[in-house]
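Grab the model and work through a few exercises. Try each task yourself before you read the solution.

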Amino acid sequence: MALWLMKSEPDAFSIDHLAQRPRQQAPWDGVRNYQARNYLRAMAVDDLAFFYHSSCPEPGIYGVVRIARLAYPDPSQFDPKSEYFDPKSDPAEPRWSMVDVALERRFERPIALEALKTVPQCSEMLILRRGNRLSITPVTAREWRALMSRVDE
DNA sequence: GCCAACGTTGGC
DNA sequence: GCCAACGTTGGC
């Protein structure tokens with residue numbers, strides 16, 4: 001089983017939005033970066049991912065989601081009215097993928113970015129790298145354990 | 001294929 | 001709002 005971190009601006013889509021969806025499940029659409037897309041396609045059902053809020057007053061990890069459906073074409077790429085519309089994507093060979101995620105756990109106390117930076121086992125995390133803009137990144141088992149043990153303290 | 005210009009991201 | 005970082009675009 002692989003572990004991930006998925007970033008979203010909470011104004012657009014937050015862990016609270018996910019919690020309000022039927023069955024607390026939703027498509028993770030709008031990824032328009034090739035490397036992030038490749039990570040989406042590498043995900044397996046039941047992989048777990050941290051849900052990270054960015055561009056907000058308190059950036060950080062707000063909970064955990066489970067991958068509920070394997071990557072499939074993101075319909076918004078073909079919708080001219082969508083902000084994610086991509087006129088260059090060929091319906092015969094869709095360029096952009098998405099997965100479905102289901103809420104696994106919402107942290108009572110989120111792990112703030114500020115706190116994340118102080119965890120020694122997490123010093124190599126991609127999210128902490130200056131200028132990193134990837135919205136989907138792999139997380140190691142060691143990083144995962146270190147963070148989950150903080151949550152459960 | 002190079003690379004400058006431009007747009008976007010995201011913490012602060 | 002600022003600014004650094006980085007991906008994408010497009011002229012050559």
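Some ground rules come first, then three exercises with worked solutions.

This is a predicted model, where local features need pLDDT of at least 70 and side-chain atom pairs count only at pLDDT 80 or more, while totals for chains, interfaces and linings use all residues. Residues are numbered from 1 along each chain as its sequence is written, chains are lettered from A and ligands numbered from 1 in the order in which they are written, and side-chain values use heavy atoms, with hydrogens and water left out.

**Exercise 1.** Find the residues around DNA strand B and work out which atoms of the strand they come up against.

Step 1. List the neighbours, counting a residue as near if one of its heavy atoms lies within 4 Å of the strand. You should get Lys7, Tyr52, Ser54, Ser55, Pro59, Leu113, Lys117, Asn132 and Arg133.

Step 2. Look at the DNA side: sugar and phosphate make up 76% of the strand B atoms that come within 4 Å of the protein.

Step 3. Pick out polar contacts (here, pairs of N or O atoms within 3.5 Å). A side-chain N or O atom of Tyr52 sits 2.8 Å from a phosphate oxygen of strand B, and a polar backbone atom of Ser55 is 2.9 Å from a phosphate oxygen. Arg133 goes for a base instead: a side-chain N or O atom is 2.3 Å from a base oxygen.

**Exercise 2.** Track down the partner of Arg32 in a salt bridge, then say where both residues lie.

Step 1. Search for salt bridges (a side-chain nitrogen of Lys or Arg within 4 Å of a carboxyl oxygen of Asp or Glu). The structure holds 5 of them, and Arg32 pairs with Asp74 at 3.2 Å, N to O.

Step 2. Place the two: Arg32 is in the loop between S2 and H2, Asp74 is in the loop between strands S4 (60-73) and S5 (97-112), and they are 42 residues apart. Helices (H or I, at least four residues) and strands (E, at least two) are DSSP runs, numbered from the N terminus.

Step 3. Check accessibility, with buried under 20% relative accessible area, exposed over 50% and partly exposed in between (1.4 Å probe, protein chains only). Arg32 is partly exposed at 26%, whereas Asp74 is buried at 1%.

**Exercise 3.** Which residues are linked with Asp46 in a network of salt bridges?

Step 1. The network joins Asp46 to Arg66 and Glu104.

Step 2. Arg66 and Glu104 meet at 3.3 Å, N to O; Arg66 is in strand S4 and Glu104 in strand S5.

Step 3. Asp46 lies in the loop between helix H2 (34-42) and strand S3 (48-53), and has a positive phi of about 80° although it is not a glycine.

Terms used:
Polar contact = N/O pair within 3.5 Å; in protein donor to acceptor, adjacent residues only side chain to side chain.
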